[in-house]
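Grab the model in your viewer and work through the exercises below. Try each task yourself before you read its solution.

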Amino acid sequence: MFFLTKIALSFSLAALLGKRSFYNGFGGYMNTYIPKKADLQRRWYVVDAEDVVLGRLATHVANLLSGKGKPVWTPFLDHGDHVIVINAKKIKLTGRKWEQKVYYRHSGYPGGIKVVKVEDYRANRSDRIVEYAVQGMLPKNRLGRSMAKKMKVYQGGAHPHESQKPESSQVLL
C-alpha cells in the first residue's frame, strides 16, 4: 500500500512541477530525455533512385525523413534529416504496375473522380510517383507534412543543393 501511494505521489508531484519524471519503485526517480530543437543536428542525404524498386526507395527515404535511425528518436517529434532524391525518372516497378497502377483524386463534386495512370506520371511528372509513395509511409498529420517538406525529388541527376554538402545514402536492395 505504501508503495502505491508513493508512486501516486510521485506522479502528482511530477505533474505539479511540470517535469517528466516519476518514481521507479526502487528508491529513485527516472527522467525521460526529450531533445530540444537546438540539440537536433539535421543532415542532408542524396539518394539515387536509378534502378531501385519504388517501395524499397520509399521505405528508405521515409526512415531518413522521420529520423528512426537516430538514438534520440521519439514518435511525436520530427528528428528527421533532409533528403534529396535524384534520377526519379529511372525508378523500377515490379510486375505489371507500369500498366495497371493508378492514382485517384476527387474534386469533391459528384462524379468528380480523376484517375491518372502511373505511365502518365512517368512521362511528365515522375517525381510525383516517388513523392506519393514516401508520403504514404509517413504519419497522416502535421508531423508527416513537416517531414515531407524536407524531401526534394528531381527527375534528373542534378540538384541545386550542393551548398548543403549532402552525403550519399544507399538503398539496400
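Here come the ground rules, then four exercises with solutions.

This is a predicted model, where local features need pLDDT of at least 70, side-chain atom pairs count only at pLDDT 80 or more, and totals for chains, interfaces and linings use all residues. Residues are numbered from 1 along each chain as its sequence is written, and side-chain values use heavy atoms, with hydrogens and water left out.

**Exercise 1.** Work out which elements the chain has and in what order they run.

*Solution.* Start with the DSSP runs: helices are H or I with at least four residues, strands are E with at least two, and numbering goes from the N terminus. That gives six helices and eight strands. Walking along from the N terminus, you read α-β-β-β-α-β-α-β-β-α-α-α-β-β.

**Exercise 2.** Find the strand order in the open sheet and say which strands sit at its edges.

*Solution.* Two strands pair if DSSP finds at least two bridges between them. With that rule, four strands line up as β7-β4-β3-β8, with parallel pairing. β7 and β8 (167-168) are the edge strands: each has a single partner, so one side of each has no neighbour in the sheet. Now zoom in on one pairing: β3 and β8 are joined by two bridges, and V46 has S168 in β8 as its bridge partner.

**Exercise 3.** Describe the largest nonpolar core and find the element that gives the most to it.

*Solution.* Look for buried Ala, Val, Leu, Ile, Met, Phe, Trp, Tyr and Cys residues joined through side-chain atoms within 4.5 Å; buried means under 20% relative accessible area with a 1.4 Å probe, protein chains only. The largest such set has 32 residues, and L57, V61, V130 and V134 have the most contacts inside it. Elements giving two or more residues include β3 (44-48), α2 (54-66), β4 (82-86) and α5 (126-135). The top contributor is α2, with seven residues. Next, pick V130 and list its contacts (heavy atoms within 4.5 Å). Skipping neighbours within four places in sequence, V130 touches L54, L57, V85, A88, I91 and V153.

**Exercise 4.** Place α5 against the sheet, then decide whether S126 is buried or exposed.

*Solution.* First the helix: α5 lies across β4 and β7, at about 155° to β7. That angle is taken between N-to-C directions on a scale from 0 to 180 degrees, using axes fitted to C-alpha atoms, for helices over the stretch in contact. Then the residue: S126 belongs to α5. Its relative accessibility is 1%, so S126 counts as buried. Beyond neighbours within four places in sequence, S126 contacts A88, K89, Y121 and Q155.

Key
Buried < 20%, exposed > 50% of the residue type's maximum accessible area, 1.4 Å probe, protein only.
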